[in-house]
Amino acid sequence: MPSMRSNILHIINSLLKKRVIARAKSFHLVLIALFFVCTITAAEGEKEPTADKGISIYKALDALYKAILDEKLDRARDTVHMLDDLYKTFIVLITKEYADDPSVLAAATLSKKVFNVMSKKGWHKARLLDATGSPYNPDNNPRDEFERDAIEAMISGKRYFERIEKTGGINHFRAATVLSADMEGCTYCHPDKKLGDILGAISYEIPLDDRIHFLE
Ligand code: HEC
């Protein structure tokens, strides 16, 4: 007869397969269930990880960790998508309204100020990148491997590029989206480019919550 511990582990495993428990509320339930599993394991004097047929606590924790990471990735992707729509909408609107008014800050300059504020407030990091090789501002040259790979991908025709990177022990979601001269206004200030040319990208960096660290 299967033990109570193995029943609980089977339930957790099937929920993980259905991707039900990565959501925040059920995540707490799973932790409580795992706590009971550990308690029962201790009470039954069983040894981990070899005691069970197929599913061990370690395996369940590993699957749980992966499910949570997947869920966090989905959320980070959604956030980047939303931010990208927001930033690009105001870049286009400012360009449309003020491209020929030299007294108004360029949309790129203003965006960088907003990126700075958002980063200082701890939300996310964003950078404006050049893809032309002759940037308005050399500060916009790609700086690290991710930025260089992202720009290479944009030049080869991709509109989106992403990667997970581990820095300081924390997984970071990094993504970049293309910025091209989609309107005539762009070429006022980038005169060596024509409509449709790729000018650069916006790159985003979002830490994937370190709450999952203890599971590693
Ligand atoms: C009013 C002038 C002006 C207009 C119009 C303009 N830009 Fe720029 N752009 C700039 C300036 C100035 C910078 C440098 C900003 C900085 O780094 O402080 C820049 C930088 C950039 C960069 C980063 C690479 C580089 O050259 O430094 C990209 C990408 C870019 N602009 C895309 C666009 C797009 C796309 C449009 C049209 C939607 C556009 N720009 C319209 C002035 C302009």
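Author: pLDDT is the predictor's confidence in each residue, from 0 to 100, and the chain averages 83, with 73% of the residues scoring at least 70. This is a predicted model, in which local features need pLDDT of at least 70, side-chain atom pairs count only at pLDDT 80 or more, and totals for chains, interfaces and linings use all residues. Residues are numbered from 1 along each chain as its sequence is written.

Reader: What makes residues 211–216 stand apart in pLDDT?

Author: Over residues 211–216 pLDDT stays under 50, on a scale from 0 to 100.

Reader: How do you know how many helices and strands the chain has?

Author: Helices (H or I, at least four residues) and strands (E, at least two) are DSSP runs, numbered from the N terminus, and the chain has six helices and four strands, which run α-α-α-α-β-α-β-β-α-β from the N terminus on.

Reader: How do you know that the span of helix H3 agrees with its 42 residues?

Author: The expected span is 1.5 Å times one less than the number of residues; for residues 57–98 that gives 62 Å, and because the end C-alpha atoms are 60 Å apart, the two agree.

Reader: Why are Ala-60 and Leu-64 of H3 called buried?

Author: A residue is buried if 20 or more other C-beta atoms, placed from the backbone, lie within 10 Å of its own, exposed if 12 or fewer, and partly exposed in between; the residues of H3 that count as buried include Ala-60, Leu-64, Tyr-87 and Thr-95. In the whole chain of 216 residues, buried ones make up 23%.

How values were computed. Two residues are in contact if their C-beta atoms, placed from the backbone, lie within 7 Å.
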